[in-house]
Amino acid sequence: MNRPTLDDATLLARLRELGEVGRGADGRLTRLAGSAADGAGRDLVAGWMRAAGLAVTIDAVGNLIGLWQGSAPVGAAPVMIGSHIDTVIDAGIYDGCYGVLAGLAVIEALQAAGTRLARPVALAAFTNEEGVRFAPDMLGSLVYAGGMAPEEALAIRGTDGVTLREALAAIGYAGEAAPGFLRPHAYLELHIEQGPVLEHEGIAIGAVDRLQGISWQSFRLSGEANHAGTTPMALRRDAGLVAAQAIAFLREAIAPRGGTTLATVGTLSLDPGAINVIPGTARFTLDLRDPDEARLAAAEQRFATALRQLAEAEGVTVETTRLARFAPVLFDAGLVARIEASAARRKLSCRRITSGAGHDAQMLARICPAAMIFVPSQGGISHNPREFTSPRQLADGAAVLLDGVAALAAPPGPAGAAQGGS
Ligand code: GLV
Ligand code: MN
Ligand code: MN
């Protein structure tokens with residue numbers, strides 16, 4: 001029985017290989033959930049899982065789960081690790097993929113060391129974490145944790161009008177297993193920070209102890225399309241103007257500089273969309289976040305009131321659709337302490353941190369103790385092709401994940417043997 005050693009070079013090579021799947025002729029990487037590129041990425045990852053001897057299962061919402069049973073007693077609840085491999089539009093290569101591929105590297109290292117397991121290890125790539133095509137985000141893990149019925153999720157239409165059911169069938173990932181078929185003993189997710197804090201403070205490891213609340217809504221404003229040259233300003237019902245005023249209100253009143261509330265209008269479209277036509281319809285989405293539930297709810301309320309008033313003043317009507325609403329999550333204190341202890345043993349600097357991004361771990365926290373490990377993101381940049389974390393930093397995070405999995409699935413003693421770390 002040897003001490004497990006991570007193959008950092010293979011982890012990096014796989015990240016780069018997966019990062020080419022879905023790269024268009026324009027050089028941009030886009031692997032939206034349920035797309036052909038997602039199917040190709042899944043094929044690659046499932047192939048690596050099978051080559052490592054994992055039993056691969058696809059559940060009814062397309063979650064891809066590889067199980068390493070090893071010497072663990074049949075029926076023992078698995079330690080689950082993983083993340084997602086779908087991406088945003090024009091993405092980087094690390095978001096989500098790092099957690100899945102580092103998880104695979106951890107399993108391979110434990111296997112190579114001849115580790116005897118007290119519990120199986122399950123490696124998950126959850127469906128549609130990003131939520132760019134299908135809302136809400138974290139959809140696969142939400143269903144896995146019992147927060148939405150599979151049938152409801154499968155009926156959701158993507159931004160292109162295709163249902164999740166149709167998209168998964170088209171790429172051969174409409175599975176049969178019931179989501180939640182493995183109830184985890186614990187869930188650990190390794191992820192890039194996607195923000196500037198760790199880099200700014202020169203810290204190697206973030207022990208993520210909480211995750212902020214997320215509210216997604218879309219709005220359709222209806223006014224009247226009319227001639228730009230003949231309609232006096234006083235007689236206009238300009239839906240585009242109301243959208244612009246609402247966006248400015250968000251920055252000025254709801255989410256000013258220095259506050260904890262974050263507001264983003266990431267999509268905006270005007271219809272009919274012509275230089276000489278007053279916009280009759282404006283559509284936009286709003287992503288609101290805050291670590292405090294009461295503040296998040298208050299921000300939603302204040303925005304709804306302001307939007308109604310702005311619309312009324314212009315003779316415009318408002319239709320609101322809720323796309324996602326997740327309260328802030330506290331992660332498991334015991335797991336967070338384990339992450340800190342592992343970092344300390346490895347002489348890696350570490351601090352507790354709040355996740356600004358949504359993650360599958362927040363859903364798994366509904367059914368088992370869960371926590372996350374963060375590594376720095378260069379320049380705090382993510383959801384952007386410039387997303388970067390150095391090979392050293394990636395290896396450090398994977399080592400902390402290795403320690404966590406080893407301690408949970410193969411504790412020292414008669415059942416488990418090899419210990420990661422220290
Ligand atoms: C997921 O990437 C999010 O939007 O936080
Ligand atoms: Mn992610
Ligand atoms: Mn993301």
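How many disulfides does the count come to? The count comes to zero disulfides. A disulfide would require a pair of cysteine sulfur atoms within 2.5 Å. Two cysteines can be placed by their accessibility: C350 is partly exposed, with a relative accessible area of 26%, whereas C368 is buried at 8%. The structure is a predicted model, and the values below are computed from it.

**Manganese sites**

Two manganese ions, ligand 2 and ligand 3, are 3.6 Å apart, with D95 coordinating both. The protein donors of ligand 2 are H84 through NE2, D95 through OD and H191 through NE2. These atoms lie 2.0 to 2.3 Å from the ion. Along the sequence, the donor residues of ligand 2 follow the pattern H-x10-D-x95-H. H84 belongs to strand β3, residues 79-84, and D95 to the loop between β3 and α3 (97-112), so this pair ties together parts that are eleven residues apart in sequence. Both residues have low accessibility values under the 20% cut-off for buried residues: H84 is buried with a relative accessible area of 0%, and D95 is buried with 7%.

The manganese ion ligand 3 is coordinated by D95 (OD), by E130 through two listed OE entries, and by H383 (NE2), at 2.1 to 2.4 Å. Its donors are spaced D-x34-E-x252-H along the chain. D95 and H383 link distant parts of the chain, 288 residues apart. D95 sits in the loop between β3 and α3, and H383 in the loop between β14 (370-375) and α12 (391-409). H383 counts as partly exposed, at 41% relative accessibility, whereas D95 is buried.

**Ligand 1**

Which residues are around ligand 1? They are E129, E130, R289, A357, G358 and H383. By class, this shell has one nonpolar, two polar and three charged residues. E130 and H383 also coordinate the manganese ion ligand 3. The table lists polar contacts in which an oxygen atom of ligand 1 is paired with an N or O atom in a side chain.

| Side chain | Distance to an oxygen atom of ligand 1 |
|---|---|
| E130 | 2.8 Å |
| R289 | 2.7 Å |
| H383 | 3.2 Å |

Taken alone, ligand 1 exposes 200 Å², and the protein buries 94% of that area.

**A loop glycine**

Where does G147 lie? G147 is in the loop between α4 (139-144) and α5 (150-154). This glycine is partly exposed, with a relative accessible area of 37%. G147 and I367 are 220 residues apart in sequence, while their C-alpha atoms are 10.0 Å apart in space.

**Recap**

The manganese ions, ligand 2 and ligand 3, share D95 as a coordinating residue. H383 is a donor to ligand 3 and is also one of the residues around ligand 1. E130 likewise coordinates ligand 3 and has a side-chain N or O atom 2.8 Å from an oxygen atom of ligand 1.

Technical notes. Residues numbered from 1 in each chain as written. Chains lettered and ligands numbered in written order. Predicted model: local features only at pLDDT ≥ 70, side-chain atom pairs only at ≥ 80, totals over all residues. Heavy atoms only, no water. Donors = N, O, S within 2.8 Å, 3.2 Å for Na, K, Ca; no water. Helix = DSSP H or I, 4+ residues; strand = E, 2+ residues; numbered from the N terminus. Buried < 20%, exposed > 50% of the residue type's maximum accessible area, 1.4 Å probe, protein only. Near = heavy atom within 4 Å. Polar contact = N/O pair within 3.5 Å; in protein donor to acceptor, adjacent residues only side chain to side chain. Areas by Shrake-Rupley, 256 points an atom, 1.4 Å probe, with all protein chains shown as cover. Nonpolar A, V, L, I, M, F, W, Y, C, P; charged D, E, K, R; others polar.
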